[in-house]
Amino acid sequence: MVNYLNIMFLKHDRNFEMINKLRNFLYKLPVEPRTIFFKVMADYYGYLFNEEKLEAKKILDFFERHGMESITAYIAF
């Protein structure tokens, strides 16, 4: 789901109905350590699609501050 949101963003696909369905699916995942990344990324892409780049950048900055540069290298911005 996260990869699909990334592809949609890179291809400038603004099908907000699909975007919201994907994000809602991610939000409904159980709250567990293994799903938190997906929930954060749902927020991240929500910010990007709504052109809230400062909020999206905060998420990338958090990842980078915590040594996750290898992840941010693959995330659209």
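# Exercises on helix α3 and its surroundings

Of the 19 residues in the largest nonpolar core, those touching the most other members are Leu5, Met41, Tyr44, Tyr45, Phe49 and Ile75. Such a core is a set of buried Ala, Val, Leu, Ile, Met, Phe, Trp, Tyr and Cys residues joined through side-chain atoms within 4.5 Å. At least two residues of this core come from each of α1, α2, α3 and α4, and α3 gives the most, with 6 residues.

The model is predicted: local features need pLDDT of at least 70, side-chain atom pairs count only at pLDDT 80 or more, and totals for chains, interfaces and linings use all residues. Residues are numbered from 1 along each chain as its sequence is written, and side-chain values use heavy atoms, with hydrogens and water left out.

**Exercise 1.** Compare the expected span of helix α3 with the distance between its end C-alpha atoms.

*Solution.* Step 1: helices are DSSP runs of H or I with at least four residues, and are numbered from the N terminus. Step 2: the expected span is 1.5 Å times one less than the number of residues. Step 3: α3 covers residues 36-49, which is 14 residues, so the span should be 20 Å. Step 4: the end C-alpha atoms are 20 Å apart, in agreement.

**Exercise 2.** Describe how α3 and α4 pack.

*Solution.* Step 1: two packed helices are described by the angle between their axes and the distance between the axes. Step 2: axes are lines fitted to C-alpha atoms, for helices over the stretch in contact, with angles from 0 to 180 degrees between N-to-C directions. Step 3: the axes of α3 and α4 cross at roughly 145° and come within 7 Å.

**Exercise 3.** Classify the ring pair of Phe16 and Phe49, and state whether each residue is buried or partly exposed.

*Solution.* Step 1: rings of Phe, Tyr and Trp (its six-membered ring) pair if their centres lie within 6.5 Å; planes under 30 degrees apart count as stacked, over 60 as edge-to-face and the rest as tilted. Step 2: the centres of Phe16 and Phe49 are 6.4 Å apart and the planes make 80°, so the pair is edge-to-face. Step 3: Phe16 lies in helix α2 and Phe49 in helix α3, 33 residues apart. Step 4: buried means under 20% relative accessible area, exposed over 50%, and partly exposed in between (1.4 Å probe, protein chains only). Step 5: at 37%, Phe16 is therefore partly exposed, whereas Phe49, at 5%, is buried.
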